[in-house]
Amino acid sequence: LIMDIIQSGKIVIEKEIQSLNNLKDNLGSSFARACQLIAATKGRVVFLGLGKSGHVAKKCAATFSSLGTPSFFIHAAEAFHGDLGVIAANDSLIALSFSGKTAEVLKAVDYCRQKNVVVIGISGDDASLLSQKSTVHINIGVKQEADHLQVAPTASTTAMIALGDALASVVSEQKGFTQDNFHVFHPDGSLGQLLDNE
């Protein structure tokens, strides 16, 4: 019984590893273009999502900010209750929706397009409305979720987080963001202590 439980856990992790390998193997020109657009953004990078994609978007915004790209998160369901007012024409929007058809996300994307805001869409479907409405679209390429029911956001959210990390790191590198710059944002905690000793 214990071995069965362990094996089930390994299967989930193996499926997620496969999704990451697939993402890595298919990273292409849309990723490069997205990095260029983000690096050229004169304002802030706004992350938008709903549900599990919203949780991922919030994490991505935090990582971008840590690595020198001012970013924040907007909850797609809250966006049309006043939050859209924080988006300016010189900002960029990164919209996450695995299906690419989340109504609240698409509505916010339409608003941003009307304001001439650059839209980077991240989904699992090149034919989705989000793909069609985006300035640049990146397909995470996940065909199957990793849970035993193959329905819960697992492999897809893992791939989204990895893609967000890759975007944040590459853009930070393009901007010449250094360890000293990072330390300015992280003076306290274990990271701050580690950098103090270097």
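1. Met-3 sits in helix H1, which covers residues 2-26. In this predicted model, the residue is exposed, because its relative accessible area is 60% and the cut-off for that label is over 50%. Met-3 also has nonpolar company at the surface: Ile-2, Met-3 and Ile-6 form a patch there, with about 330 Å² of accessible area together. If you are colouring the model by residue type, this is a nice place to begin.

2. Next, have a look at strand E4, residues 118-123. How many of its six residues are buried? Five of the six are, and the strand is mostly covered. E4 has pairing partners in E3 and E5, which the next two points take in turn.

3. Strand E3 (residues 92-96) pairs with E4 in the parallel sense, and five bridges connect the two. To find the register by eye, start from Ala-95, which stands opposite Gly-121 in E4. Between these strands the chain passes through helix H4, residues 103-114, and the resulting β-α-β crossover is right-handed. Keep helix H4 in mind, please, as one of its residues returns in point 6.

4. Strand E5, residues 136-139, also runs parallel to E4, and four bridges join them. Here a handy marker is Ser-123, whose bridge partner in E5 is Asn-139.

5. Now for the charged pairs: the structure holds two salt bridges. One of them is between Lys-59 and Asp-165, with the closest N and O atoms 2.5 Å apart. Lys-59 belongs to helix H3 (residues 52-66) and Asp-165 to helix H6 (residues 155-174), so this pair ties together parts that are 106 residues apart in sequence. Are the two partners buried or exposed? Neither label fits: Lys-59 counts as partly exposed because its relative accessibility is 32%, and Asp-165 counts as partly exposed too, at 30%.

6. In the other salt bridge, the side chains of Lys-133 and Asp-110 meet at 2.9 Å, N to O. This pair also links distant parts of the chain, with Lys-133 in helix H5 (residues 129-133), Asp-110 in helix H4, and their positions 23 residues apart in sequence. The helix that carries Asp-110 is thus the one the chain uses to cross from E3 to E4. What about burial on each side of the bridge? Lys-133 is buried, because its relative accessible area is 19% and the limit for that label is under 20%. Asp-110 counts as partly exposed, with 26% relative accessibility.

7. A smaller detail worth a glance is Ser-71, placed in strand E2, which spans residues 71-75. Ser-71 counts as buried, because its relative accessibility is 14%. Which backbone atom lies 2.8 Å from a polar atom of the Ser-71 side chain? That atom is the backbone oxygen of Thr-69.

8. Finally, back to helix H6, where Ile-161 is found. Ile-161 counts as partly exposed, because its relative accessibility is 31%. Helix H6 is also home to Asp-165, the salt-bridge partner of Lys-59. For a sense of scale, Ile-161 and Ser-128 are 20 Å apart in space, C-alpha to C-alpha, with a separation of 33 residues in sequence.

Conventions: Residues numbered from 1 in each chain as written. Predicted model: local features only at pLDDT ≥ 70, side-chain atom pairs only at ≥ 80, totals over all residues. Heavy atoms only, no water. Patch = residues over 30% accessible without salt bridge, like charges linked within 9 Å, V, L, I, M, F, W, Y side chains within 5 Å. Areas by Shrake-Rupley, 256 points an atom, 1.4 Å probe, with all protein chains shown as cover. Salt bridge = Lys/Arg side-chain N within 4 Å of Asp/Glu carboxyl O. Buried < 20%, exposed > 50% of the residue type's maximum accessible area, 1.4 Å probe, protein only. Pairing = 2+ DSSP bridges. Right-handed = clockwise from strand over helix to strand, strands pointing away. Polar contact = N/O pair within 3.5 Å; in protein donor to acceptor, adjacent residues only side chain to side chain.
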